[in-house]
Structure formats: C-alpha cells, structure tokens
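Let's take a walk through this fold together, starting from its interior and ending at its surface. Please have the model open as you read.

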Amino acid sequence: MGVLMSRRQTVEKVQKVSLAVSAFKDGLRAEGGSTRRGTLEQTVQEGEEDVSAGPSQTEESSAAKAAWERLRDGRGVEPEEFDRANRFTPPAFIRPKRELHDDEPLDISLEQREQVLNDEMCEICEVWTAESLFPCRICSRVYHDGCLRRMGYLQNDSTMEMTETAHTETGWSCYYCDNLNLLLTEEEMYSLMETLRQCKIIPETCLTLDDFLHYKHLVHKQQFEQPMTEAQEEQAALQFSALAPDKKGHIEWHDFLFHESIQLLQKLRPQNALLRLLTAKERERARAAFLALDQDSDGLIGEGDSRRARHAWFRKHQKEAPSCSVSISHVGPMSESSPASSGSGKSQEKILPAAEREETRPVDWPGFLRDNVVYILAARPNSAALHLQPPA
C-alpha cells in the first residue's frame, strides 16, 4: 500500500509542477521576466523538494493532515483502501451554531406528551418502502439498510446490530445521532482540536490507560494550573474502564472522541442549552422514566431514584433488557459487574449511607431533566462504551 501511495503522490507533485509551468506560460506574461523566472524556479524547486522528501515523511504528513481534516469536519475514519465505487456520496456535515436564546430557561412540560412520528421516506434515497425502513431511536429519520451500506456507514457487525435492534425498544442510532462530536460548534471543535494537538494526541489511534491518564493530567494542569489529585486520577481510571467494556487494554478513537466531546459540552454550555439538544424521542423517554418513578403522582421523586435513572440511560446495550424507555423495573441498583459500579468494596460501603439519605431528598421534573440531560446525550452512540460514566 505504501508503494502505491508514494507513486500516486509522486504523480501529484509532477502534475503540480506542470501546472505551475502552464500558469507561467499562459497567465503571467504581464509580469517582469526576472520575477517570472524566479517564481517558476521557486515553484519547481518546491515541487522537487516535496518529491525528494521520500515516501515515508510525505505519507505520514499527508495521513495526519487527512485525519485532522476528518476530525474538523466531523467525518468518520475513511482509510485509503475504502472503495467508494458504486457508493452514494456521504453528505457534508454542517456544525450547529449557538443562538442568542440558547441559554434561556426552557419549559418542557411533564403532562403534555409529544407525538413522535418517524419520517416516511429514506433519508438517503428519499424512497418510501414501508416496513423495510429502519428508524433512528434518537431522531425521526429512517433508512434502508442497503442505502446505509452503499454510503459506507454499515459494515457486517453494525448491519446485524441495526437489523436486530432498530424495530425494538432498544433502538439504533443513525450516523448523525451516533456521532456526539457533531454536537460541537466550529468554535468548540477548534478548542478541542487545539487541546488534542497540545497534548500530542494523534487522531484515529487507540489509547492505552497510560495514554489516557497522561492526557487527563495535561488537560487538568492546563485548566487548573495544578496536578490531579489521587482521587481524580482514580476517577479517570474508572472512566477509562467504562470506555473499554471489552477489556482489551485500550479504548477506540471514536469512543475517546465522543467522551471528550460530551465533556466539552458539559464544561462550556449551561444546562438550558443542553436541554435544547434533546430530541422529542429523548424527552418522551425522560417523561416515561420520571412518571414510572413518581408512583404517588405528586410530581416529586427521591434523589436516589434520579441517580439510578442516570445509570439506566446506558442499559440499552444489555440484550436481556432491551428497553430504552426506562421503566421502573429497569431503574434499579447497578450490578457489581457494571463499569459504572466498579470500585472497591470499601468505597461502596461509604457510598451506600449517602445514597440512603438521598432517597428522601425530593427532585421535581425540571430538576430531573437538568441532572440527567448530559447523560441522556452521552447515551446516544451505539457503542457499548459509557462515554460519560455517572458518579456512583
């Protein structure tokens, strides 16, 4: 592959020099002869230097540049060998813009239910074929599995997951909603990219625990001008475990990117602005969760119930509990094997009394939404990773 790429790049450099010569002959005759000659010689020399730089250095810089461009544009990994022949052209992602009223209070009624309707035509081909359309569990878009494959958004594993869950209560997130990075504005994305560059994080690479902790230490030092405490490092290690549920010793790039994106949203945007990101389907699930917990119908639940619901947003990944509308049976204590409940027995003993005290602290519907909105957003991806681990 490296040989093929170097040949291609060599041809591109030669074409660049040829274009420069043509431009010199055809479009720059009005300038002085000495200036023309200097410009041409400089352009040719630059092209020759690029070609003589060798395939390894050129390929590396080209690959890195392409990775940063994909990160900036919110696109997924697109390796050179990805064959787009006979495929649809993926749409260009447009990052959102902040509005002046985004930070103002938002009234989301508990009693007034919302009618959630899916689109009638495939988002890609705009053709209606009834039952063969697969809905997104976050937005109203629907898709043909064949269209998604031709777009390059479905591989073998993801195709099976979509067909098994899209028509169940568990649901499947489309490529728009699955990518938490697309929630960032251009300014927020620039801030994240600068942080990644300063911490020498290479896009589209996996991170080990040492890489993750080193990154967290650097970011914390930049933000607070002091090192992380031992407790904060332990919390970062628990977050790493939540991002690596398969226990392979590393976290995938997209999971790390989604985690950092939701962290940045939590840091930069007030809760009112985050509430505006929720879709009608997500608001309806939140209503169902709150009403299931409010058994006496007084509009209040305990803080402990609210905390357990916070964990329950991530239950969609459990095959034995395929309900993403958090019913009362699903809002319970996390199992000991859950990443969100990992920790020593000693720390669990300290947490339980506090949790018991929280049971009596009342939480109303607006407070429930504010406390859980960031976790509802973090649960959008199809990945089994917990992109924002709730506190125990």
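What follows is a short tour of a predicted model.

A good place to begin is the nonpolar interior. The largest nonpolar core has 58 residues, and L196, F256, W313 and F368 are those with the most contacts inside it. Several helices supply two or more residues to this core, including α3 (55–73), α7, α10 (253–268) and α12 (280–293). The largest share comes from α15, which gives 9 residues. If you centre your view on L196, you will find W68, L71, I201, Y215, W253 and F256 touching it, leaving out residues up to four places away in sequence. Another core, of 21 residues, lies apart from this one, and Y143, C147, L154 and Y175 are among its members.

Next, turn to a polar residue. N181 is found in the loop between α6 (175–178) and α7 (186–198). Is this loop residue buried or exposed? N181 has a relative accessible area of 1%, so it counts as buried, the cut-off being under 20%. Its side chain makes a polar contact with the side chain of S261, at 3.1 Å. Beyond its neighbours within four places in sequence, N181 is also in contact with residues including L71, R95, M189 and F258.

Finally, look at two glutamates with positive phi values. E126, in the loop between α3 and β1 (134–135), has a phi near 55 degrees. E225, in the loop between α8 and α9, has a phi near 60 degrees. E126 is exposed, at 57% relative accessibility, and E225 is exposed too, at 70%.

How values were computed. Residues numbered from 1 in each chain as written. Predicted model: local features only at pLDDT ≥ 70, side-chain atom pairs only at ≥ 80, totals over all residues. Heavy atoms only, no water. Helix = DSSP H or I, 4+ residues; strand = E, 2+ residues; numbered from the N terminus. Buried < 20%, exposed > 50% of the residue type's maximum accessible area, 1.4 Å probe, protein only. Polar contact = N/O pair within 3.5 Å; in protein donor to acceptor, adjacent residues only side chain to side chain. Contact = heavy atoms within 4.5 Å. Core = buried A, V, L, I, M, F, W, Y, C linked by side-chain atoms within 4.5 Å.
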